[in-house]
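User: I'd like to go through the packing and the less usual local features of this protein. Let's take it one question at a time.

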Amino acid sequence: MLFPDDFSTWEQTFQELMQEEKPGAKWSLHLDKNIVPDGAALGWRQHQQTVLGRFQCSRCCRSWTSAQVMILCHMYQDTLKSQGQARMRIFGQKCQKCFGCQFETPKFSTEIIKRILNNLVNYILQRYYGHRKIALTSNASLGEKVTLDGPHDIRNCEACSLNSHGRCALAHKVKPPRSPSPLPKSSSPSKSCPPPPQNRNMDFGNRTFQDFGNRTFQGCREPPQREIGPPLFLFLSIAAFALFSLFTR
């Protein structure tokens, strides 16, 4: 295992890869702990990648392996001098068990270091020299026995802690929980609203009116006059005759 502090090995491997792909190209590589994600200066380019690394807590001595170690690079080429420079920052992680601990520096294997630099060289060749795009080496091809599909630990990622400059590339890939999908529409025909009531047509001649379709109701009629029966008529006739006889005497 190699520490990032032993950066002379990184620089040597970087120069070898550049001369192998682009002989005569002049590029330098330096560590820079001041560069931040999405904070490249005008005229500079940014490249981010995630690799496999191993950490050890300086407080509890707990160790863990992460496939989400963030590597950030800012690059610039001076076309007048035909020289380029690349600045690299390796972000650390905190221990999940300890409270208030520091960001620990990761360790990498020789194979991982070569993979980081090879991806960086391919990016420079593509962006500055027009080379065709080459697929990056994935963590899965390294044969490491580590879970690669776990969630990104935003709280313990050093790159994500730089909130004023935006989070790292992995934080942008965190998908929000999906909202429940709408229920499928039923294939059965929907019930239509009943038609509005028709205008009430009133016919006072026939004393009937029509309402809501063909329902017909009997109109209001005057109560029939009660017929006078024969006994009552005879009584009234006798009373009238008696009054007439009384006044004629």
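User: Which ring does the charged end of Arg 45 sit over?

Analyst: Happy to start there, with a note that this is a predicted model, in which local features need pLDDT of at least 70 and side-chain atom pairs pLDDT 80 or more, while totals for chains, interfaces and linings use all residues. Numbering runs from 1 along each chain as its sequence is written, and side-chain values use heavy atoms, without hydrogens and water. A charge sits over a ring when NZ of Lys or CZ of Arg is within 6 Å of the ring centre and within 35 degrees of the ring normal. Arg 45 meets this at 5.3 Å from the centre of the ring of Tyr 128.

User: And how far is the charged end of Lys 94 from the centre of the Phe 103 ring?

Analyst: The criterion again asks for NZ of Lys within 6 Å of the ring centre. Lys 94 has its charged end over the ring of Phe 103, and the distance to the centre is 4.7 Å.

User: Which element gives the most to the largest nonpolar core?

Analyst: A nonpolar core is a set of buried Ala, Val, Leu, Ile, Met, Phe, Trp, Tyr and Cys residues joined through side-chain atoms within 4.5 Å. The largest one holds 35 residues, and those touching the most other members are Trp 10, Phe 14, Ile 71, Met 75, Met 88, Phe 108 and Leu 120. Helices H1 (7-21) and H2 (110-129), with strands E1 (26-31), E2 (45-56), E3 (63-78) and E4 (83-90), each supply at least two of its residues, where helices (H or I, at least four residues) and strands (E, at least two) are DSSP runs numbered from the N terminus. With ten residues, the element that gives the most is H2.

User: Beyond four places in sequence, which methionines does Leu 120 contact?

Analyst: Contact here means heavy atoms within 4.5 Å. The partners of Leu 120 outside its sequence neighbours include Phe 14, Leu 29, His 47, Gln 49, Cys 73 and Ala 86. The methionines on that list are Met 75 and Met 88.

User: Why are the sulfurs of Cys 157 and Cys 160 not bonded?

Analyst: A disulfide needs two cysteine sulfur atoms within 2.5 Å, and the structure holds zero disulfides. Cys 157 is also buried, at 3% relative accessible area; buried means under 20%, exposed over 50% and partly exposed in between (1.4 Å probe, protein chains only). Its sulfur has its closest cysteine sulfur in Cys 160, but the two are too far apart for a bond, at 3.8 Å.

User: Is the ring pair of Trp 10 and Phe 108 stacked or edge-to-face?

Analyst: Rings of Phe, Tyr and Trp (its six-membered ring) pair if their centres lie within 6.5 Å, with planes under 30 degrees apart counted as stacked, over 60 as edge-to-face and the rest as tilted. The whole structure has five aromatic pairs. In this one the centres are 6.0 Å apart and the planes stand at 75 degrees, so the pair is edge-to-face.

User: How many residues apart in sequence are the parts that this pair ties together?

Analyst: Both Trp 10 and Phe 108 are buried. Trp 10 belongs to helix H1 and Phe 108 to the loop between E4 and H2, so the sequence separation they tie together is 98 residues.

User: What is the angle between the planes of Trp 44 and Tyr 76?

Analyst: These two rings form a stacked pair, 5.3 Å centre to centre, with an angle between planes of 25 degrees. The partners come from distant parts of the chain, Trp 44 from the loop between E1 and E2 and Tyr 76 from strand E3. To return to your question, the angle is 25 degrees.

User: Which residue of E3 stands opposite Gln 48?

Analyst: E2 and E3 pair in the antiparallel sense over eleven bridges, where pairing takes at least two DSSP bridges. Opposite Gln 48 in that pairing stands Leu 72.

User: Near what value is the phi of Cys 61?

Analyst: Most residues other than glycine have a negative phi. Cys 61 lies in the loop between E2 and E3 and is exposed, at 52% relative accessible area. The hairpin has six residues between its strands, and the phi of Cys 61 is positive, near 65 degrees.

User: Is Ser 82 buried or partly exposed?

Analyst: Ser 82 sits in the loop between E3 and E4, with another positive phi, near 55 degrees. Its relative accessibility is 48%, so Ser 82 counts as partly exposed.
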